[in-house]
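Open the model in your viewer and keep the selection tool ready. We will go stop by stop, selecting one thing at a time.

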Amino acid sequence: MHYLYYPGCSLKATGRPYEESLLAVMRELGVDVEELADWSCCGATTYMGVDENQAFALAARNLALAERNCSDGCANLMAPCNACYLVLNKAKHYVAEYPEVRERVTGALKSIDLNYRGDVAVRHPLDIITNDIGLEAVGKHVKRPLTGLKVACYYGCQIVRPYSTFDNQYNPTSMDELLRALGAEVVEWPLKTRCCGGALTGTVPNTGQRLSYFLLKEARRAGASLVATCCPLCQHNLECYQDEIEHDFAEHGQPAVAYFTQLMGLAMGLRPAELGLQRMLTPVQRVALQATGSES
Amino acid sequence: MGNMPLEPRIKYQEELDLGFGRSVVAHPGAEDLYRCIQCGTCSSTCPLVTYMEHTPRRIIAMTRAGLKNDVLKSNTIWLCSSCYSCTVACPKQIKITDVMYTLKREAIRSGVHADMPIPVLAGEFIKSVARTGRSNEMRIITATWLKTKPFELFKQAWMGLRLWLKGRLSFGLHRMSGDRRQIRKLLVAAGEQNLGPRGG
């Protein structure tokens, strides 16, 4: 199966280890992934708060590029960032359901010689890996199972709400099942889809970081030594403000935080540098190795 | 008795804009606002409600009542982080997150938004996109703090430095590969928002 890859702005910057580990894992699994040429920002959560038609047009441009790229049938566009995943899906819904939005977007796309028909499936890699590739196939690639590693799976909000297509909106389980297939022990906790603070950690730090603190504290209480994420903003919030959280809330012994694709890569025996592990601010590799009892 | 002065007991009475609710409902996504039964499920699911001047339920009631200024000036609409908890929980299927987006746009358009960094960040965000086709996280947040609370930059500089050392940050412009003029052309054709200066 052929997948077009829409990185989104974060995966080229703070989310670089997500891109590195995702592409390395897909290569290992033998999946054909091609970066969408000439992609632009999707508008993220921000643009919609300024001008809705510009926001929809910006997102739809990427959908139109994907369609043009895939003349035979429906294009599969892989969007690893939860916000991109939501925004692209939302643009699809609004263009299909609201004639006034469709008219505006179609007209704007026409001005740059693009056309959007509505034939793109926007897919999150968690969906692709658990449903298209399947846990059985993933399991065959596991060389160093993550036995003993206690993980809290954190999905974030926008992967399941409001346009969930592959998992439960209140209690998603796809990442839990994937990590169990890798040999890890998945802890039960109720905050799988609770907001991490989003962009508020940067704009209203006291408020935003309190939301991240709540997640890290409850993950630790549930017994997790590591939190697995599937979104560059969730990852950033849980990983990069740990010093502030320790200082402001006296929260010690916070879990390490890693992309689920990095954990896949470790279990598949890929080299840490291929997975961007040297770029992390929490000791992901050490925590994983200590738990599994392997030598580094 | 007959000449005892009567004072308004509700301070907003003269400030009402009775057409406000109807004007909000005209936006795509906000069409179901009048189906709200004021049950408060939105407020109870909201992870940020404790910090809001008005709860989401109240914002809906105030919007319908025509308390335009108080709604548009409130911090509530900017604290909405778009987690969509309220949207999926609403028993009347009102897209509350999208109602908040409509109110954000109205607050920016009418120039009365709350004195917070978030609407400033929104302006920097679209300028970055119109200029480069991408959003450059670090330039956007830096420009936002310079315009609001420069001191905050010092507090966040440490994390920025650590990320830069790990190769996860760049002050250079991330640009899309193709013709960037396309983006400006597309945005101008699609909407009304001023995109800031060209170049970059």
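**Stop 1: the cavities**

This is a predicted model. How many cavities of 30 Å³ or more does the structure hold? There are five. Go to the largest cavity, which has a volume of about 130 Å³. Select C46(B), M52(B), C80(B), C83(B) and C86(B). Of the 17 residues that line the largest cavity, these are the closest to its centre.

Now colour helix 2 (41–45), helix 6 (85–89) and helix 7 (96–109) of chain B. These elements each give two or more residues to the lining of the largest cavity. Which helix gives the most? Helix 7 of chain B does, with three residues. Next, colour the lining of the largest cavity by class. You should find 12 nonpolar residues, five polar and no charged.

**Stop 2: a pocket with both chains in its lining**

Move to the second largest pocket. Its volume is about 330 Å³. Select V204(A), P205(A), N206(A), E152(B) and K155(B). They are the closest to the centre of this pocket, out of 16 lining residues.

Which elements supply at least two residues each to this lining? Show helix 8 (205–221) and helix 10 (242–249) of chain A, then add helix 10 of chain B. Helix 10 of chain B gives the most to the lining of the second largest pocket, with four residues. By class, the lining of the second largest pocket has six nonpolar, five polar and five charged residues.

**Stop 3: a helix pair in chain B**

Keep helix 10 of chain B on screen, residues 150–165. Add helix 9 of chain B, residues 137–147. Two packed helices are described by the angle between their axes and the distance between the axes. Here the axes come within 6 Å and cross at roughly 140 degrees. Helix 9 of chain B and helix 10 of chain B are therefore oblique to each other.

Show the side chains at the contact. From helix 9 of chain B, select T142(B), W145(B) and L146(B). From helix 10 of chain B, select P150(B), E152(B), L153(B) and Q156(B). The residues of this contact are four nonpolar, two polar and one charged. You have met E152(B) already, among the residues closest to the centre of the second largest pocket.

**Stop 4: a helix pair in chain A**

Switch to chain A. Select helix 2 (residues 52–69) and helix 3 (residues 82–97) of chain A. Their axes come within 9 Å and cross at roughly 100 degrees. Helix 2 of chain A and helix 3 of chain A are therefore roughly perpendicular to each other.

Which residues make the contact? Helix 2 of chain A brings F56(A), A59(A), N62(A) and L63(A). Helix 3 of chain A brings V87(A), L88(A), K90(A), A91(A), K92(A) and Y94(A). The contact of helix 2 of chain A with helix 3 of chain A has seven nonpolar, one polar and two charged residues.

**Stop 5: two backbone details**

Zoom in on the backbone. Most residues other than glycine have a negative phi, and most peptide bonds are trans. The next two selections depart from that pattern.

First, go to the loop between strand 5 (150–153) and helix 6 (174–181) of chain A, where P162(A) is found. Is the peptide bond from R161(A) to P162(A) cis or trans? The bond is cis, with omega near -10 degrees.

Then select Q38(B), in the loop between helix 1 (20–25) and helix 2 of chain B. Phi of Q38(B) is near 60 degrees, a positive value in a residue other than glycine.

**Stop 6: the domains**

Zoom out and colour by domain. Chain A has domain 1 (36–123) and domain 2 (140–291). Their C-alpha centres lie 29 Å apart. The contact takes 11 residues from domain 1 of chain A and 12 residues from domain 2 of chain A.

Finish with chain B. Colour domain 1 (13–110) and domain 2 (117–189) of chain B. The C-alpha centres of domain 1 of chain B and domain 2 of chain B are 28 Å apart.

Note on methods. Residues are numbered from 1 along each chain as its sequence is written. Chains are lettered from A and ligands numbered from 1 in the order in which they are written. This is a predicted model: local features need pLDDT of at least 70, side-chain atom pairs count only at pLDDT 80 or more; totals for chains, interfaces and linings use all residues. Side-chain values use heavy atoms; hydrogens and water are left out. Axes are lines fitted to C-alpha atoms, for helices over the stretch in contact, and angles run from 0 to 180 degrees between N-to-C directions. Angles under 35 degrees count as roughly parallel, over 145 as roughly antiparallel, 65 to 115 as roughly perpendicular and the rest as oblique. Contact means heavy atoms within 4.5 Å. Ala, Val, Leu, Ile, Met, Phe, Trp, Tyr, Cys and Pro count as nonpolar, Asp, Glu, Lys and Arg as charged, and the others, Gly among them, as polar. On a 1 Å grid over the protein atoms alone, a cavity is a set of points where a 1.4 Å probe fits but cannot get out, and a pocket is an open set with protein on both sides within 12 Å along at least five of seven lines; lining residues have an atom within 4 Å of a point. Grid points are joined across faces, edges and corners, and a volume is the space filled by probe spheres set on the points. Domain bounds come from an automatic or database domain assignment.
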